[in-house]
Amino acid sequence: MGRRLNDPEHSRFASLILLSVALFSCVLVYAVVSTFLNPNVGSQDSSFESLEMVASGDLGERKDECCRGIENLELWGPAVKWGSEFKFNSSVECCQACKTMCSGNDGPCLCDTWVFCGNKEACGSRFGECWLKKQKDPLSPDRQDAGKSVIWTSGLVFGKGEGIVGMETEYGTLHIKLFPGCAPYSVAYILELLTVRHCVGCQFYRAESRGQSWDSEGNHIKDAPYGPPFALIQGILEAQGTPFNKMPTEACPTIRRGSVAWIGSGPEFFISLANHREWKNSYTVFGSVLPEDMEVAEKIVQLPTKSDVWNNINVSVLEKPVPLIMRRMKKSLGDLNSNVKPK
């Protein structure tokens, strides 16, 4: 994968390998496939984030990997379970307890927020407390406190028809299901973008079709090359004048058709038009486009492009970038999300 020529990203491979042996294979694969998105791969800073694989079928959920939260953050809201009487040994158990209250198909989740105290020394007698809460607005969660002195870890759970935001373009709106359980920091940033009235600078600038390598469902055609073209639309999610903090490492999933993923640690991202198993577990996926909206991405990929070369890789750049803005949905989209299990 590649960025435009003036976007730096690579020097963190060594530190990432030291962070976890488990991430070694992820980093190694990224070193190979990053050339497709990063023209200056030799001088770039890499970090890999996460995917929460939602629902069933094309958007399968992996609950064992999708119970992450943000440390040193205390989310507020009316309690549905009091932590003083509801304790666990890990944040994952606390998260899963919230998810069990969000597994039905009727109405919103009874729990959409979990808050856990997991540091024995800092928490003292409060260690293990699991507070389950319900937000008035899941897309704008109420914060009580944040910072290094905060002893709590907090996370969000989005149920059926919830946690869906709109990526609005002149060619239509891409409705995206966010994955807070596996990409909590990434989702927190997207929720911040919802408050930006005009996301000046947010745009798609690269568009490459499935060509003869992938079918309309995103499956790779036997014996066909893996690009170019690479079956994706690429852009940037950074509002001018708003500083972007690099996303921390979260998880490394397999890219699927509809995956919305950071390039490295952002703010550049791409939406995949195909299943890219050949990229292994190399990119952070913080959401997935609802299947019925992939036609909007297919429209964008048909726009006029010009050829460019990034790090010896042929790419197709849009002649006219497509501006975009993140929009919150005014109501639940359960009808658009009927095949997606709650988060």
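This passage walks through the disulfides, a sheet with its packed helix, one threonine and the aromatic pairs of a predicted model.

Disulfides come first. The structure holds six of them. One is formed by C94 and C130, with the sulfur atoms 2.1 Å apart. The torsion about the S-S bond of C94 and C130 comes to about 85°, so this disulfide is right-handed. As for where the two ends sit, C94 belongs to helix α3 (residues 91-100) and C130 to strand β5 (residues 130-133), so the bond ties together parts that are 36 residues apart in sequence. Neither end shows any surface in the computed values: C94 is buried at a relative accessible area of 0%, and C130 is buried, also with 0%.

A second disulfide links C102 and C109, with an S to S distance of 1.5 Å. Both of these cysteines are buried. Another joins C199 to C202, and here the S to S distance is 1.8 Å. C199 has a relative accessibility of 7%, and because buried means under 20%, C199 counts as buried. Its partner C202 is buried as well, with a relative accessible area of 2%. Two further cysteines can be added to the buried list: C66 has 0% relative accessibility, and C182 likewise comes out at 0%.

Next comes the sheet. Five strands make up an open sheet in the order β1-β7-β4-β5-β3, and the pairing is antiparallel. At the edges lie β1 (70-71) and β3 (79-81), each of which pairs on one side only. Helix α3 packs on this sheet and touches β4 and β5. The direction of α3 makes about 155° with that of β4. The disulfide described above fits into this picture, since C94 lies in α3 and C130 in β5; in other words, the helix that touches β5 is also tied to β5 by a disulfide between C94 and C130.

Within the sheet, strand β4 (residues 113-117) and strand β7 (residues 152-156) run antiparallel and are joined by five bridges. F116 takes part in this pairing, with T153 in β7 as its bridge partner. As background, strands of a sheet pair through backbone hydrogen bonds, either parallel or antiparallel.

Now for a single residue, T169. This threonine is found in strand β8 (residues 164-169). T169 is buried, with a relative accessible area of 9%. Its side chain has polar partners on the backbone: a polar atom of the T169 side chain lies 3.1 Å from the backbone nitrogen of Y171, and the side chain also reaches the backbone oxygen of G172 at 2.8 Å. Leaving aside residues up to four places away in sequence, T169 touches F204, V296, I300, V322, P323 and L324.

One of those contacts, F204, leads on to the aromatic rings. The count comes to eleven aromatic pairs. A pair of aromatic rings is described by the distance of the centres and the angle of the planes. For F204 and F269, the ring centres are 5.5 Å apart and the planes meet at 50°, so the pair is tilted. The two rings come from distant parts of the chain: F204 is in strand β10 (residues 203-208) and F269 in strand β14 (residues 268-272), 65 residues apart. Both ends of the pair are hidden: F204 counts as buried at 0% relative accessibility, and F269 is buried with a relative accessible area of 0%.

Strand β14 also supplies F270, which pairs with Y283 in the loop between β15 (276-281) and β16 (285-289). These two residues are 13 apart in the chain. The rings of F270 and Y283 have their centres 5.5 Å apart, with the planes at 90°, so this pair is edge-to-face. F270 is buried, with a relative accessible area of 0%, and Y283 counts as buried at 1% relative accessibility. Elsewhere among the aromatics, ring pairs link Y189, F244, W262 and F286 into a cluster.

Methods
Residues numbered from 1 in each chain as written. Predicted model: local features only at pLDDT ≥ 70, side-chain atom pairs only at ≥ 80, totals over all residues. Heavy atoms only, no water. Disulfide = S-S within 2.5 Å. Helix = DSSP H or I, 4+ residues; strand = E, 2+ residues; numbered from the N terminus. Buried < 20%, exposed > 50% of the residue type's maximum accessible area, 1.4 Å probe, protein only. Pairing = 2+ DSSP bridges. Contact = heavy atoms within 4.5 Å. Axes fitted to C-alpha atoms, helices over the stretch in contact; angles between N-to-C directions. Polar contact = N/O pair within 3.5 Å; in protein donor to acceptor, adjacent residues only side chain to side chain. Phe/Tyr/Trp six-rings, centres within 6.5 Å; stacked < 30°, edge-to-face > 60°.
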